[in-house]
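Here are a few warm-up exercises on packing and exposure. Try each task yourself before you read its solution.

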Amino acid sequence: MPTGRSTPTTQAAQPPNESSAALFQSRQGHLAMLAFSALVSLSFSFGHIIAKDIAPAALNTVRFALAALVLFGLARILHVPVRPVFNRFWRFGLIGGLMAVYFITMFEALRMTTAVSTAAVFTLTPLMAAGCGRLIAGQRSGRWTLIALTIGAVGAVWVIFRADIGALMRFELGRGEALFAIGALGHALVPAVSRKLASDVKPLQTSLGSVLGALIVTGIYGFGDLIKTDFVAMRPAVWMVVAYLAIVTTAGTFFLVQYAAQRLPASKVMAYTYLVPSWVVLWDFVFYGTTPPALLLAGIATTLLALTMLLRGEAV
């Protein structure tokens with residue numbers, strides 16, 4: 001007999017097994033991006049070691065070339081076909097091109113401004129990704145997610161400026177920051193574009209195609225620096241860092257982002273970039289014994305709170 005009230009049976013809901021599977025996949029995506037943030041943070045410390053040994057454009061071209069070889073070999077070992085990579089290659093060229101724009105503008109911006117300023121601009125990436133996800137992939141970010149992303153941005157900025165309010169107040173937007181904002185937007189577009197254009201292929205295939213696309217763009221841009229670089233004369237430490245950048249923070253992180261992008265909304269994929277400054281502080285403590293001040297720990301705690309809010313937002 002009708003009562004005028006809706007009952008649970010009238011609500012559209014996923015079967016328990018499907019809901020559990022979706023939650024499990026999202027957890028896998030979160031773990032992938034947690035690893036991503038840790039691996040990327042190490043590249044800042046290692047990259048500083050060779051900053052004066054090789055031109056940025058040449059470095060990025062070599063790292064993408066080595067990463068492509070690694071991913072191609074991995075595909076062969078795992079018997080993952082590479083032919084789909086060249087089917088509608090333009091989509092992988094677009095994804096890789098966006099990443100190349102990010103790396104190119106980052107290094108060019110660093111010639112005009114400071115690392116702190118570029119890092120501050122980069123904190124806008126998750127919020128950009130939320131907008132890109134909505135426009136391109138139809139992903140809606142609820143109020144809870146947007147609040148969490150904002151809290152994460154505040155915490156990340158606090159860590160980047162080392163809890164120095166004076167340094168934060170002196171921050172100004174100049175030509176370098178504006179240029180890097182374009183690169184940050186390119187990075188923010190990657191998860192949504194991958195979800196939209198590459199959902200029919202495996203993450204390893206998408207990673208290989210994207211790296212090849214990035215290689216083409218950086219190769220064209222950095223051709224002049226590439227032919228001027230004396231690779232034979234480079235010290236062993238440079239090759240060790242290049243190998244890490246190619247295998248871990250290019251091939252590895254490209255795979256992790258593509259893997260997570262098929263399991264999480266774009267905003268949540270990019271939210272893990274907020275953890276990068278906190279990881280850098282941790283590595284400074286591990287490698288150099290640098291103890292962060294209490295105020296800096298407050299910023300780290302804020303970014304962790306934001307990520308916890310994002311996880312809770314999925315569970316409810």
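The exercises below come after a quick note on the model.

This is a predicted model, where local features need pLDDT of at least 70, side-chain atom pairs count only at pLDDT 80 or more, and totals for chains, interfaces and linings use all residues. Residues are numbered from 1 along each chain as its sequence is written, and side-chain values use heavy atoms, with hydrogens and water left out.

**Exercise 1.** Find the largest nonpolar core and the helix that gives it the largest share.

*Solution.* Start with the term: a nonpolar core is a set of buried Ala, Val, Leu, Ile, Met, Phe, Trp, Tyr and Cys residues joined through side-chain atoms within 4.5 Å. Buried means under 20% relative accessible area, exposed over 50%, and partly exposed in between (1.4 Å probe, protein chains only). The largest core has 63 residues, and Met 33, Phe 180 and Val 269 are among those with the most contacts inside it. Helix α3 (residues 89-110) supplies its largest share, nine residues. Helices here are DSSP runs (H or I, at least four residues), numbered from the N terminus. A second, separate core has 13 residues, including Tyr 244 and Trp 283.

**Exercise 2.** Is Thr 249 buried or exposed, and what does Thr 249 touch?

*Solution.* First, place Thr 249 in helix α11 (residues 236-261). Next, its relative accessibility is 5%, so Thr 249 counts as buried. Last, skip residues up to four places away in sequence: Thr 249 then touches Leu 39, Val 40, Ser 43, Arg 63 and Tyr 244, with contact meaning heavy atoms within 4.5 Å.

**Exercise 3.** Is Gly 138 buried or exposed?

*Solution.* Gly 138 lies in the loop between α5 (125-137) and α6 (143-160). Gly 138 counts as exposed because its relative accessibility is 51%.

Notes: Helices (H or I, at least four residues) and strands (E, at least two) are DSSP runs, numbered from the N terminus.
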